[in-house]
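Reader: Could you walk me through this model, one question at a time?

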Amino acid sequence: MRIREFTLGDYVEVASVWEQAGITVSVSDSLKGIVHKVGRDSELFLVAEENEKIVGSVMGSYDGRRGWINHLAVHPDYQGKRVGKLIMEELEQRLKRIGCKKINLLIEYDNSKVIGFYENLGYNTDELVFMEKWIK
């Protein structure tokens, strides 16, 4: 298993892993949106690769105060085989190296099965109200 930084040539394969893992691919996840993300903090967008096949990915970001976890996805054939744990450990180390002290993530209600995974990594639930607005 090799963990490395995402490249734009990985986009189709990563988007396929997202979809197979049950992640909704939104407008901001288009190739154009990902080009913008990669231009900002490419070292925090990681893929897990086995036999030259992408089997997992995570998009991390850092806003100068908090780290954020987005779209952690592991191909269904590789779930339960430590791929998610390994890729998260690498992302956490990278965030720590750039001065991040706290990492946040959001879980959609229909994906609640992953709560135990994150709890095993030391993440805790916080009572917040999440609001959003798509700018057109």
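Author: Happy to; what follows is a short exchange about a predicted model, covering a helix, some salt bridges and a surface patch.

Reader: Which residues of α3 are exposed on the other side from its buried ones?

Author: Let's begin with the buried set in α3: V83, G84, I87, M88, L91, R94 and L95. They cover an arc of only 125 degrees around the axis, which puts them on the same side of α3. Their cover includes β1, β2, β3, β4, β5 and α4. On the other side of α3, the exposed residues are K96 and R97.

Reader: How far apart are the end C-alpha atoms of helix α3, and what span should its 15 residues have?

Author: Helix α3 runs over residues 83–97, and at 1.5 Å a residue it should span 21 Å. That agrees with the distance between its end C-alpha atoms, which is 22 Å.

Reader: Which residue forms a salt bridge with R94, and is that partner buried or partly exposed?

Author: R94 counts as buried, because its relative accessibility is 15%. Its salt bridge is with E5, the closest N and O atoms being 3.0 Å apart. The pair joins helix α3 to strand β1, 89 residues apart. With a relative accessible area of 33%, the partner is partly exposed: E5.

Reader: Which residues are linked with R4 in a network of salt bridges?

Author: One pair to start from is R4 and E49, with closest N and O atoms 3.1 Å apart. R4 lies in strand β1 and E49 in strand β2, so the pair ties together parts 45 residues apart in sequence. Both R4 and E49 are buried. In the network, R4 is linked with R2, D10 and E49.

Notes. Residues are numbered from 1 along each chain as its sequence is written. This is a predicted model: local features need pLDDT of at least 70, side-chain atom pairs count only at pLDDT 80 or more; totals for chains, interfaces and linings use all residues. Side-chain values use heavy atoms; hydrogens and water are left out. Helices (H or I, at least four residues) and strands (E, at least two) are DSSP runs, numbered from the N terminus. The expected span of a helix is 1.5 Å times one less than its number of residues. Buried means under 20% relative accessible area, exposed over 50%, partly exposed in between (1.4 Å probe, protein chains only). The arc is that of the directions from the helix axis to the C-beta atoms. Contact means heavy atoms within 4.5 Å. A salt bridge is a side-chain nitrogen of Lys or Arg within 4 Å of a carboxyl oxygen of Asp or Glu.
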